[in-house]
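Let us take a walk through a structure together, one piece at a time. Keep the 3D view open and turn it as you read.

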Amino acid sequence: MEYVNPITGFRVDGRRPNEMRQLKGEVGVVARANGSALFEMGNTRVIAAVYGPREVQNKGQQVNSKDALVRCEYRMADFSTGDRRRKPKGDRRSTEISLVIRQTMEASILTHLMPRSQIDIFVQVLQADGGTRAACINAATLALADAGIPMRDIVTSCSAGYLCSTPLLDLNYIEDSAGGPDVTVGFLTKMDKVTLLQMDAKLPMDTFETVMDLAIEGCKAIANYIREVLLENTKRLECQRG
Amino acid sequence: MRDLQLSLNQTQRVRLEAALHELQTVAPAAAVTVADTIPVNDEDNILKGHGTSDQDGEVVATLCGVVERVNKLVYVRTLRARYKPEVGDIIVGRVIEIAPKRWRLEINFSQDAVLMLSSMNLPDGIQRRRTAVDELNMRTIFEENDVICAEVRGFQHDGSLHLQARSQKYGKLERGQLLVVPAYLVKRRKQHFHHLEQYDVDLILGCNGFIWVGEHVVVGENANMMENKLNLSAEVENFTPLVTRKHICRLANAVRVLSALGFTLTVELIIETAEASVSSNIEINNMLGAEFYVQTAEREVKRRADLLRKKSGAR
């Protein structure tokens, strides 16, 4: 199948190879959570809720009482994919993604400022159209910032792939299931550091670099957008407070 | 609008948007988000406070909020975050556990607060060492799920937060409503206990964002009340009259509307809102409806405009 039109250079959904899908971020969508956010990348839609920092519920999980314990749960809604299927709770895929998100967020949260407490992050995929991992990390970042949890930097994530000898930014479901390489990058914009790098295929060294650079560019664009959303929200709250 | 699910009609939506837009134009705030650089003029000697960190010689915000400067200190004041205790704060909390010689309280902090048996007055009012018998009788003072008012005593060496309740005004709160609002909406003031005489209601604005609206209790006669409790006839007198209960509900709903709109909660504003609902003939159950919500926003806009005018007039 042609994923990039050889004449026009457009992709299956009409985007250019280095074009991202429409972003939308909204803060404060769950009433009872300390922080929450909805994040959309095109048709991928993810909701995140953050509870805490709060008292550690299961003392056995606490490794180091000087740092906050970060927990994360990723789940896909039954209705999120094309075929409606009940997904068992602890399947391998979601356990792995939970772990990935947890490690990425833990790297940016200043856990030493909140000793003897725990932070719970719940992310749920409402609509899956490729790049859920990236969207989940972005949603979690927004929700953590909304909850007023101190962070080193804004972590953003974006995926990129390589199909029809073209590097493609922000793969959708069709491109994702084409079987080509899919590189997901988590990036700290201000500090210029990579916190997550996942790839599930082989890619020549020099191509990999261009693909990764493309993904990093995507991360930077998302970071700008997220900061805009947060700044606007902060200004609104402050003005209403008076 | 986190807490209220409103169904606004077209005109109400336009009015609300206009009012909120009006508020936006008033205050130019130095808002920052995570990883924003905070501009510092004299680089050498500033103190970096909460919510800031040092990255390659730059002062960088680690939180979303508003930059505050006090002399050389630069810090970020957060908005929607959990409560950050300071010594001497008056807080309202809920007992979640009884442990040896202490109660554990949920106060919207990053960990549970501890109220030691030894740091509170005994009901009989006698100063003495707490015995094992006192320890066994702890449930007669506070049980699980009781709502308590106390004061922040300080942090222990291990980082846990201790409370104290060494006065008659602290203690168990009964016959009223507990409201949970974001902590940034309550400002620290001299007075957090308010007795609203016209309603016969006590209003406690806890610094942690827990707000108590309840029937007025006479503090000085607390000792007598303990005796009264022994009399069964007193139980009947302890019944809260309907008028007071209505007042409690009205004030509580005023707090709910104000917190949903994100306005700072002061006694004056709460009373004003409750009075406004009376004067415009709005029933208690309709206070959380769209119309009153919009009216409250509009009233606040007017109030702030008046304040501004007064300020410029004084100059």
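Helices and strands here are runs assigned by DSSP, numbered from the N terminus, with at least four residues for a helix and at least two for a strand. With that in hand, we can place our first residue: B:Arg175 sits in the loop between β12 (171–173) and β13 (176–180) of chain B. The phi angle of B:Arg175 is near 55 degrees, a positive value in a residue other than glycine. Please keep in mind throughout that this is a predicted model.

## The sheet in chain A

Let us turn to chain A. How many strands form the open sheet with the order β1-β2-β3-β5-β4? There are five, and their pairing is mixed. At the edges stand β1 (23–27) and β4 (69–76) of chain A; each has a single partner strand, so one side of each is left without a neighbour in the sheet. From one strand to the next, the twist averages 15 degrees.

Now zoom in on two of these strands. Strand β3 (residues 44–55) of chain A pairs with strand β5 (residues 117–127) of chain A in the antiparallel sense, over nine bridges. To find one of the matched positions, look for A:Val50, whose bridge partner in β5(A) is A:Ile121. In a regular strand, side chains alternate between the two faces of the sheet.

Strand β3 of chain A also holds A:Pro53. Is the peptide bond from A:Gly52 to A:Pro53 cis or trans? This bond is cis, with omega near 5 degrees.

A helix accompanies the sheet as well. Helix α1 (residues 92–108) of chain A lies across β4 and β5 of chain A, and runs at about 140 degrees to β4(A).

## Two pairs of helices

Two packed helices are described by the angle between their axes and the distance between the axes. Here are two pairs to compare by eye.

| Helix pair | Axis distance | Angle |
|---|---|---|
| α2 (residues 132–146) and α4 (residues 205–241) of chain A | within 11 Å | roughly 30 degrees |
| α6 (residues 242–261) and α8 (residues 290–314) of chain B | 10 Å | about 65 degrees |

Take the pair in chain A to begin with. The axes of α2(A) and α4(A) cross at roughly 30 degrees, and that makes α2(A) roughly parallel to α4(A). The crossing of these helices is right-handed. On the α2(A) side, the contact is made by A:Asn138, A:Thr141, A:Leu142 and A:Ala145, while α4(A) brings A:Ile222, A:Ile226, A:Val229 and A:Leu230. By class, the residues of this contact are six nonpolar, two polar and no charged.

Next comes the pair in chain B. Helices α6(B) and α8(B) pack at an angle of about 65 degrees, which makes α6(B) roughly perpendicular to α8(B). Their crossing is right-handed. Here B:Val257, B:Leu258 and B:Leu261 in α6(B) meet B:Phe292, B:Tyr293, B:Thr296 and B:Ala297 in α8(B). This contact has six nonpolar, one polar and no charged residues.

## Around strand β5 of chain B

Strand β5 of chain B is a good place to practise following partners. Strand β1 (residues 31–32) of chain B and β5(B) pair in the antiparallel sense over two bridges, and B:Val32 stands opposite B:Gly65 in β5(B). β5(B) also pairs with strand β6 (residues 73–78) of chain B, in the antiparallel sense over six bridges. Among the matched positions, B:Val70 has B:Leu73 in β6(B) as its bridge partner.

How many residues lie between β5(B) and β6(B) in their hairpin? Two residues lie there, and B:Asn71 in the turn has a positive phi of about 50 degrees.

## Where the chains touch

The contact between the chains takes 35 residues from chain B and 35 residues from chain A. On the side of chain B that touches chain A, the elements giving two or more residues are α1 (10–26) and β5 (65–70) of chain B. Of these, α1(B) gives the most, with three residues. The residues on this side of chain B divide into 17 nonpolar, twelve polar and six charged.

## What the record lists

An unreviewed UniProt entry lists "domain: Exoribonuclease phosphorolytic" for residues 19–150 and 153–218 of chain A. Residues 19–150 of chain A are 24% helix and 33% strand, with end C-alpha atoms 32 Å apart. For residues 153–218 of chain A, the end C-alpha atoms lie 16 Å apart, and the span is 27% helix and 41% strand.

For chain B, UniProt lists "domain: S1 motif" at residues 86–166, again from an unreviewed entry. That span is 11% helix and 46% strand, and its end C-alpha atoms lie 17 Å apart.

How values were computed: Residues numbered from 1 in each chain as written. Chains lettered and ligands numbered in written order. Predicted model: local features only at pLDDT ≥ 70, side-chain atom pairs only at ≥ 80, totals over all residues. Axes fitted to C-alpha atoms, helices over the stretch in contact; angles between N-to-C directions. Parallel < 35°, antiparallel > 145°, perpendicular 65-115°, else oblique. Left-handed = near helix turned anticlockwise from the far one by under 90°. Contact = placed C-beta atoms within 7 Å. Nonpolar A, V, L, I, M, F, W, Y, C, P; charged D, E, K, R; others polar. UniProt positions renumbered as here; feature names shortened; annotations may be inferred. Pairing = 2+ DSSP bridges.
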